[in-house]
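This report walks through the fold of a single chain and then turns to the charged side chains within it. Please keep the sequence and the 3D view at hand while reading.

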Amino acid sequence: MLSSWKSTNPYHCSWFGVTCNAQGMVSELRLSEGLRNCSSLKKGEFLGGKLSNLIGKFSELRVLSLPFNQIRGELPIEIWGLKNLELIYIEGNSMTANLSMINLSIT
C-alpha cells in the first residue's frame, strides 16, 4: 500500500494517500481506500503501529483519515496544535485521546 513512499521518490505529493495544496504542502492524509472490506483485512492490508508525534509538523494538514487500520496508542498531543485541521477520522483503530485540552467554541 505504501510502496510509493520511498526516499527514491522524494515528491511526497505523488505518494499514495497524500494530497498537497498549491504550495506543495501536505493537506490530506487518507490511508483508508479499499481497506474497509473483510477480504482486504484478511490479506493483512492495513497500517499498524502508533501515530508519530511528528504529525504535528504537518502545519497545513486539513484531513487525517486513517480508519479501520491497526493503529494503537494515544493520539499525539501535537495534533491539537494543527490550526488547519478540519477532520480526524480514526474509526476502527485502538486509539485513545485526552480530549480535556480541546477548547471548543461553537458559534
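A residue is called buried here when its relative accessible area is under 20%, exposed when that value is over 50%, and partly exposed in between. By this cut-off, four of the five residues of strand β2 (residues 26–30) are buried, so β2 is largely enclosed by the rest of the structure. The model is a predicted one, and the values below are computed from it.

**Overall composition**

The chain holds one helix and seven strands, which follow one another along the sequence in the pattern β-β-α-β-β-β-β-β. Of its 107 residues, 30% count as buried, and the accessible surface of the chain comes to about 7,100 Å², with 54% of that area belonging to carbon and sulfur atoms. Among the contacts in the chain with a separation of 6 or more, 42% are accounted for by residues 24 or more positions apart.

**Strand pairing**

Strands of a sheet pair through backbone hydrogen bonds, in either a parallel or an antiparallel sense. Strand β2 takes part in pairings of both kinds: with strand β1 (residues 18–20) it pairs in the antiparallel sense over three bridges, while with strand β4 (residues 63–65) it pairs in the parallel sense, again over three bridges. In the pairing with β1, Thr-19 has Glu-28 of β2 as its bridge partner, and on the β4 side Arg-30 stands opposite Ser-65. Five residues lie between the strands in the hairpin of β1 and β2, where Gly-24 takes a positive phi near 80 degrees.

An open sheet is formed by three strands in the order β3-β5-β7, with parallel pairing. Because β3 (48–50) and β7 (94–96) stand at the edges and each has a single partner strand, one side of each is left without a neighbour in the sheet. Neighbouring strands of this sheet are turned against each other by 20 degrees on average, direction ignored. Between β3 and strand β5 (residues 70–74) the parallel pairing runs over three bridges, and Gly-48 has Gln-70 in β5 as its bridge partner.

**Salt bridges**

How many salt bridges does a search of the whole structure find? The search finds three, and they are set out here.

| Pair | Closest N to O distance |
|---|---|
| Arg-30 and Glu-28 | 2.7 Å |
| Glu-28 and Arg-62 | 2.7 Å |
| Glu-86 and Arg-62 | 3.6 Å |

Glu-28 is buried, with a relative accessible area of 12%. Its partner Arg-30 counts as partly exposed at 30% relative accessibility, and Arg-62, at 29%, likewise counts as partly exposed. The salt bridge of Glu-28 with Arg-62 has its closest N and O atoms 2.7 Å apart. Since Glu-28 lies in strand β2 and Arg-62 in the loop between β3 and β4, the pair ties together parts that are 34 residues apart in sequence.

Arg-62 also forms a salt bridge with Glu-86, the closest N and O atoms being 3.6 Å apart. This pair links distant parts of the chain, with Glu-86 in the loop between β5 and β6 (87–89) and Arg-62 in the loop between β3 and β4, 24 residues apart. Glu-86 is exposed, with a relative accessible area of 61%. Through shared partners, the salt bridges join Glu-28, Arg-30, Arg-62 and Glu-86 into one network.

Technical notes
Residues numbered from 1 in each chain as written. Predicted model: local features only at pLDDT ≥ 70, side-chain atom pairs only at ≥ 80, totals over all residues. Heavy atoms only, no water. Pairing = 2+ DSSP bridges. Helix = DSSP H or I, 4+ residues; strand = E, 2+ residues; numbered from the N terminus. Axes fitted to C-alpha atoms, helices over the stretch in contact; angles between N-to-C directions. Buried < 20%, exposed > 50% of the residue type's maximum accessible area, 1.4 Å probe, protein only. Contact = heavy atoms within 4.5 Å. Areas by Shrake-Rupley, 256 points an atom, 1.4 Å probe, with all protein chains shown as cover. Salt bridge = Lys/Arg side-chain N within 4 Å of Asp/Glu carboxyl O.
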